[in-house]
Structures are given as structure tokens and as C-alpha cells.
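Colleague: Before these assignments are accepted, I should like to hear the grounds for each of them. Please take me through the model.

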Amino acid sequence: MEAKQTSLDQIVALCKRRGFVYQSAEIYGGLNGVYDIGPLGVLLKEQIRNAWKRSLATLDLDIVMFEGALLGPEALWNASGHTTNFHDPLVDCLNCKHRFRADDIDLAAACPRCGIQQWTEVREFHLMFKTSVGAAISSQHIAYLRPETAQSIFANFKNIMTSSRIRIPFGIAQIGKAFRNEITPKQFLFRMREFEQMEIEWFCHERDTVAFFDLWKGARLAFYHHLGISPARLRLRAHESQELAHYSQATTDVEYHFPFGWKELEGIACRGDFDLRQHSQHSGKDLRIFDEITKESFYPHVVECSVGIDRLLLTLLFEAYEEESVGDETRVVLKLHPSIAPVSAAFLSLNKEHVAATDTLYRTARAQGISVQVDHSGSIGKRYRRQDEIGTPVCITYDFDSVHDHCVTIRFRDSMQQERIPFNAIIPRIITLCGNSSAKNN
Ligand code: ATP
């Protein structure tokens with residue numbers, strides 16, 4: 001499979017130029033692996049979250065949402081196994097001092113940076129950010145920023161089940177930040193130190209695990225197809241037994257063909273009853289549930305689906321980015337699926353006399369909750385290009401004829417074709433094209 005020709009540099013430049021993503025604290029030299037999200041990035045991330053939530057809602061399954069704290073006490077991470085097991089092997093080049101993840105390079109070969117083969121010993125590097133909580137030194141408690149959203153779900157399993165009066169099989173879904181002190185943060189949003197995850201923990205009876213594992217693999221792949229990601233650049237890959245994480249019985253990754261190779265986009269893991277059993281043992285609280293039929297208590301088993309929003313955002317940008325020749329110009333266009341475009345429509349006035357009328361149309365659409373922009377300055381061609389570059393599916397132009405015929409020109413991003421439509425058809429057309437997601441706050 002040929003990788004798309006879009007380079008990471010093109011995406012990084014676009015993100016900065018148009019306000020999707022900036023290096024965090026850039027004016028102070030930045031913080032490696034940490035990024036700030038600009039206005040368009042905020043809109044796009046919100047679209048991604050909404051698409052993910054909608055994809056869960058359309059499955060005929062019971063799923064509740066949850067939002068756990070970012071800080072967790074040491075005891076929580078002792079129980080989950082993270083204080084002991086959550087590390088990566090690191091190695092330094094003695095010559096150029098560059099640091100690598102030992103599993104990323106061949107230690108029998110020379111350093112890929114300086115060409116000398118002189119390595120330190122491989123050491124385990126702990127990936128969690130440690131801090132302390134409490135004002136007085138004597139009463140301080142060690143806490144960690146969570147490296148995954150999952151554990152707060154397991155620790156709250158009984159609370160959620162009891163308060164929601166829900167029975168297995170059911171899912172608890174969470175969207176939120178996670179933090180990992182990655183050894184080599186690289187490839188922009190692919191490997192960050194602060195990132196956001198969208199996770200589902202699916203609780204079921206052990207005997208149903210295989211069937212639900214298959215169901216989730218299918219559902220998650222369908223989600224990516226629905227977002228318009230080319231099936232040829234997606235695949236499911238089952239982990240070899242030696243790759244499995246400490247909690248996992250089986251894991252399949254949804255992989256995407258990035259310009260830097262096939263890489264994990266989402267992990268789908270059978271976690272068994274590892275987590276609930278661990279938290280029961282460490283906390284002394286019984287997290288088993290009671291089976292009315294067999295009259296026995298048991299630990300539900302868990303299938304987990306976990307994807308990073310930022311990694312998905314990067315994937316969607318790679319997938320959507322095109323450079324096309326139009327006449328003797330190059331047009332950069334983001335062919336994002338209209339349902340996730342950060343801006344659904346842009347309203348443009350042809351000259352100064354049309355500004356007020358264009359603003360009225362723009363405000364009417366905005367009042368409906370549609371994500372819109374208005375732009376009055378520059379040549380119309382340049383304004384179209386600016387919207388193409390951020391993936392806006394349609395531009396609506398108010399011109400000389402609009403004053404008399406109460407129609408506007410609607411211009412489509414992908415085909416660049418134009419059509420004349422009446423004022424009262426504008427909002428229905430945007431909603432038909434972009435779906436409910438065109439409304440920002442639903
Ligand atoms: P990798 O093998 O790439 O380090 P992982 O197997 O450690 O990933 P998981 O713990 O399965 O990752 O995390 C679930 C998802 O969270 C990943 O599929 C990815 O989309 C996202 N993710 C994990 N680590 C990062 C990171 N450092 N930056 C951005 N997203 C991440």
C-alpha cells in the first residue's frame with residue numbers, strides 16, 4: 001500500500017498557519033511533546049468528540065458517560081499495576097547523547113543519528129508524571145497524573161452501576177486528558193506527553209467476551225470508514241503474545257497507514273477481569289456483581305476500545321489534505337467529511353454594499369447553532385482558497401443579483417461547482433450536507 005504523499009511538515013505548517021495546533025509555550029521555546037489547540041482545532045476536536053458519541057449512540061447497546069479526575073492517588077496506580085509496569089526501555093548514544101526508545105532501534109547497529117555504535121545499558125524509564133497533593137510537607141500524599149482514562153472507570157465501577165441502575169452487558173465511556181512522560185515524543189500529535197483519549201470500557205460476562213470483542217472490532221472500524229478514512233489505509237492487526245500489555249488477554253489495533261508507516265490509531269483490548277479484581281484486592285471493596293441465575297458473585301470481564309483524539313485528528317488531516325493544480329495555481333484543500341468540518345459554511349460578500357445583507361444571512365445561520373464564518377475582505381478567489389484550506393464544505397456568496405432575486409451563489413469545496421439558491425434554502429442545504437453536526441452545540 002502506497003503511503004499518501006502528504007508530508008508531516010505540510011500538516012504541521014497548515015496547523016500553525018490556520019490555527020489548528022501550536023507548539024505549547026512557543027514564545028519560550030516550547031515544551032517538547034506538549035501542544036496548544038487553536039480556534040479551528042477546538043472546533044475540529046469538538047466535531048470528533050461528537051462523531052464518536054454519535055457512533056456509540058447508534059449502536060443498540062447500553063452505554064453511560066463518565067468523567068474521572070486527572071489526578072489519582074498512588075494506591076490507585078499500585079492496584080492497576082502502573083507504578084510497577086508502566087515504563088519503556090530507553091537507551092542513550094554515548095557519542096551524540098541522543099536518547100532512543102530501545103524497542104525503536106537496533107542495538108546491534110550504529111546510532112541512526114551519528115553513525116557510531118556506543119550505547120549505554122538499556123534502562124527502564126517510568127512514564128507517569130508524579131506529583132504531591134496537600135499543603136504541609138508532613139501531610140503530602142503522592143499522586144500521579146493519569147496515563148490513561150480507564151482506571152477511574154474501574155475504580156468507580158460499583159458507584160456507576162448502582163447509581164445508574166444498569167446491568168451487564170453495558171459500557172462506560174469517557175473522554176478526557178491523559179499524560180505520559182514519553183521518552184521520545186515525536187511525529188507531532190502522534191506521540192504527545194499530554195493528550196486526550198476517548199475510551200469505552202465494555203463490561204460483560206466472561207462467556208460473551210469473544211462475541212463482544214468481534215462486535216467492537218467491527219464497530220470501531222465502521223466508525224473510521226464513516227469518517228471518510230480510506231479503507232485501504234486502515235487495517236486490524238492482532239498483537240503477538242509477547243506484545244501484550246500486562247493486563248491484556250488479547251489486543252487488536254486499528255492501524256492507519258501514516259506517511260511514517262502502519263501505526264496504531266486505536267487499541268481494542270480484552271482486559272479480562274484483571275482491573276476489577278486488582279482494585280477489589282487493593283481497596284478491600286468487593287467489586288464483584290451478583291448473578292441472579294447462578295446465585296454467585298463474579299467479576300465482569302472487560303473489552304476496552306481506546307483512541308487518542310489528537311492522533312485521530314492528525315490522521316484525519318493526513319487523509320483530507322490535498323494539493324491540486326487549478327489553472328497555474330496550487331490549491332490546498334482539506335477534504336474533510338462535511339459532518340466533521342470545523343466550519344460548515346462561510347458567508348462572503350462581493351463588495352461593500354453587500355456587507356450588511358451578508359451579515360444578516362450569516363447571523364441567521366449562526367443563531368441556528370451552525371458553525372459559520374463570515375469574510376468580507378480580499379478577492380473572492382482568495383477567500384474561497386482560505387475556506388478550502390480549512391475544509392469548509394460550502395461558501396455562500398451574496399452578490400449584485402442577490403439584491404433583486406433573493407438568491408445567493410453556493411460554491412462546493414470539492415467540485416468547486418457553483419449553484420444559485422434562494423435565501424430560504426441556505427440553512428436546509430447546509431444541514432443536508434453537514435448533518436446535525438453542523439450545529440455546534442448538540
Ligand atoms: P503506542 O504503542 O503508540 O505507544 P499504546 O499502545 O501505549 O500506544 P494505548 O495505551 O493503547 O497506547 O493508548 C490508547 C490510544 O491512546 C492509542 O491508540 C493512541 O491513539 C492514544 N495514545 C497513546 N499514547 C499516546 C501519545 N503519547 N500521544 C497521543 N496519543 C496517544
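**Grounds for the assignments**

Modeller: The model is predicted. Let us begin with an open sheet of three strands, whose order is β6-β5-β7 and whose pairing is antiparallel.

Colleague: What makes β6 and β7 the edge strands?

Modeller: Each of them, β6 (99-101) and β7 (123-126), pairs on one side only. Neighbouring strands of this sheet are turned against each other by 45° on average, direction ignored.

Colleague: How do you know that β5 and β6 pair?

Modeller: At least two bridges between two strands are required. Strand β5 (residues 87-92) and β6 have three bridges, in the antiparallel sense, so the requirement of at least two is met. In one of the bridges, L90 has R101 of β6 as its partner.

Colleague: What is notable about the phi of K97?

Modeller: Most residues other than glycine have a negative phi. K97 is not a glycine, yet its phi is positive, about 70°. K97 is located in the loop between β5 and β6.

Colleague: Why is the peptide bond between I168 and P169 called cis?

Modeller: The omega of the bond joining I168 and P169 is about 0°, and the bond is cis. Most peptide bonds are trans. P169 itself belongs to the loop between α6 (157-164) and β10 (170-179).

Colleague: Which domains does the assignment give?

Modeller: Domain 1 comprises 8-86 + 127-317, and domain 2 comprises 343-438. Their centres, taken over C-alpha atoms, are separated by 38 Å.

Colleague: How do you know that domain 1 and domain 2 are in contact?

Modeller: Contact requires heavy atoms within 4.5 Å. Eight residues of domain 1 and seven residues of domain 2 are in contact across the interface. The area buried between the two domains is about 650 Å², with 49% of it given by carbon and sulfur atoms. Of the area that domain 1 buries against domain 2, R18, L40 and Q47 supply 56%, more than any other three residues.

Colleague: Why is the pair R18 and E389 called a salt bridge?

Modeller: The cut-off is 4 Å between a side-chain nitrogen of Lys or Arg and a carboxyl oxygen of Asp or Glu. For R18 and E389 the closest N and O atoms are 3.2 Å apart, so the pair satisfies the rule. Across the interface of domain 1 and domain 2, two salt bridges are found, as are three residue pairs in polar contact.

Colleague: Which elements give two or more residues to the side of domain 1 that touches domain 2?

Modeller: They are α1 (8-18) and α2 (39-57). The most comes from α2, with four residues.

Conventions: Residues numbered from 1 in each chain as written. Predicted model: local features only at pLDDT ≥ 70, side-chain atom pairs only at ≥ 80, totals over all residues. Heavy atoms only, no water. Axes fitted to C-alpha atoms, helices over the stretch in contact; angles between N-to-C directions. Domains from an automatic or database assignment. Buried area = accessible area lost by both parts, 1.4 Å probe. Polar contact = N/O pair within 3.5 Å; in protein donor to acceptor, adjacent residues only side chain to side chain.
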